[in-house]
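User: Please take one part of this structure and look at it closely, then work outward from there to its surroundings. I would like a connected account rather than a list.

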Amino acid sequence: MNGTPVALHLPPEALQYLEHVRVEKRLAARTLTLYTLDLQRLAAMAAGVDLPLLRLTSAHIRRFVAQMHASGRSGRGIALILSGWRGFYTWAARQGLVPHNPVQDVRAPKAPKPLPKALPVDEAVRLAEHQETGADPWLEARDAAIVELLYGCGLRVGELVGLDVAPSPAAHQQGRGWVDLQAGEAHVFGKGSKRRSVPVGRAAAAALQAWLAQRALPLGAAGAARLEPALFIGRRGARLTAQSVWSRLRQRSQVAGLTTPVHPHMLRHSFASHLLQSSGDLRAVQELLGHANITTTQVYTRLDFQHLARVYDAAHPRARRKP
């Protein structure tokens, strides 16, 4: 097999398959190497049960998956290996070498979902209270209001940029929200076309009032008359994009001296985690976040436990055995 990586300890049918994918599919050399390694792994496991590749059943494949998982291989890594094996047996079935594909209905173990990243309380407060000296007052007022709404209300970035200054029939039809400063509420249009109302705290309300006083200034009197209803706008008066919010928030967190660059969803996670730490009211946090299912919100109880575990490790005299 010219150009094919050395395939040691592989039976003829596996070598034929590798030649097939090399010639017919014109796979990259790196991909062909990975296919070869996957088949060598399968051949070694088949030898361990004293069977040729073409005699393996779904029960054998599931046993091999369990062995790989027990040895510490990740669910994602196992899924990639199974994909390679599945391709081999699909080809073998087309050639009439096996009656069916033994990998067809075998799935890798589900990878555990990583916990959402939340800021420590002191860092979240530092970002919310940060004032950049010498900065453009217009940008400073806008970005400060953005941070306060993301952290103070737990909004998604799409909900944030979808806010208008005031309600309107067009906003309702097009799925946009708005902020009622007098009532202290933000009415947002979230996932699944669901509307919800969240309270706007005093700090967020003050930041919004400061921003609204600055919002139309760069456009002048003529431009202000044509200003679109978006609450957060760019220099030219157009509605701010989610990408712009990501960029500005990352920059602001770095200037504020935070240990990690902050993105909008991190502030939503921080809102939920800090609220749960203080109140313990999971149902209320679910309503404020707009989660349809409380199991989605329960991930923050794991964050809360991690926080408690860190406090215990740092403070309890019996937490760690000193050398």
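Analyst: In this predicted model, tryptophan 91 counts as buried because its relative accessibility is 6%, below the 20% under which a residue is called buried. Its aromatic partner, tyrosine 17, has a relative accessibility of 2% and therefore also counts as buried. The two rings form a tilted pair, with 5.7 Å from centre to centre and 50° between the planes. This pair links distant parts of the chain, since tyrosine 17 belongs to helix H1 (residues 12-23) and tryptophan 91 to helix H4 (residues 75-94), 74 residues apart. Both residues belong to one aromatic cluster, which also takes in Tyr35, Phe88 and Tyr89. The structure as a whole holds eight aromatic pairs.

One member of that cluster, Tyr89, leads on to the nonpolar cores. Tyr89 is included, together with Leu56, Trp85 and Val106, in a second, separate core of 28 residues. The largest nonpolar core has 48 residues, among which Leu149, Leu155, Phe232 and Leu267 touch the most other members. The elements that give two or more residues to this largest core are helices H5 (121-129), H6 (137-153), H7 (157-161), H9 (202-214), H11 (242-255), H12 (264-279) and H13 (282-289), together with strand E3 (185-189). Helix H6 gives the largest share, nine residues.

Phenylalanine 232 offers a way into the surroundings of H6. Apart from its neighbours within four places in sequence, phenylalanine 232 is in contact with Arg142, Ala145, Ile146, Leu149, Leu160, Leu208, Trp211, Ala238, Arg239 and Leu240. The arginine in this list, arginine 142, is placed in helix H6, and it counts as buried because its relative accessibility is 4%. With sequence neighbours within four places again left aside, arginine 142 is in contact with Trp211, Phe232, Ile233, Gly234, Leu240 and Arg248. Phe232 and arginine 142 thus each have Trp211 and Leu240 among their contacts.

Arg248, a contact of arginine 142, reappears in the lining of the largest cavity, alongside Asp143, Ile146, Val147, Val245, Leu249 and Arg252. The elements that give two or more residues to this lining are H6 and H11, and H11 provides the largest share, four residues. The volume of this cavity is about 40 Å³, and the count of cavities of 30 Å³ or more comes to one. Ile146 is a contact of phenylalanine 232 as well as a lining residue of the cavity.

Strand E3, one of the contributors to the largest core, leads finally to the sheet. Four strands form an open sheet in the order E1-E2-E3-E4, with mixed pairing. Strand E1 (163-164) and E4 stand at the edges with a single partner strand each, so one side of each is left without a neighbour in the sheet. At the E1 edge, two bridges join E1 to the parallel strand E2 (residues 177-180), where glycine 177 is the bridge partner of leucine 163. At the E4 edge, E3 and E4 pair in the antiparallel sense over five bridges, and valine 188 has arginine 196 in E4 as its bridge partner. Strand E4 (residues 195-199) has a covered face made of Arg196 and Val198, whereas Arg195, Ser197 and Pro199 make up its uncovered face. Arginine 196, the bridge partner of valine 188, is thus on the covered face of E4.

Terms used
Residues are numbered from 1 along each chain as its sequence is written. This is a predicted model: local features need pLDDT of at least 70, side-chain atom pairs count only at pLDDT 80 or more; totals for chains, interfaces and linings use all residues. Side-chain values use heavy atoms; hydrogens and water are left out. A nonpolar core is a set of buried Ala, Val, Leu, Ile, Met, Phe, Trp, Tyr and Cys residues joined through side-chain atoms within 4.5 Å. Buried means under 20% relative accessible area, exposed over 50%, partly exposed in between (1.4 Å probe, protein chains only). Contact means heavy atoms within 4.5 Å. Two strands pair if DSSP finds at least two bridges between them. Rings of Phe, Tyr and Trp (its six-membered ring) pair if their centres lie within 6.5 Å; planes under 30 degrees apart count as stacked, over 60 as edge-to-face and the rest as tilted. On a 1 Å grid over the protein atoms alone, a cavity is a set of points where a 1.4 Å probe fits but cannot get out, and a pocket is an open set with protein on both sides within 12 Å along at least five of seven lines; lining residues have an atom within 4 Å of a point. Grid points are joined across faces, edges and corners, and a volume is the space filled by probe spheres set on the points.
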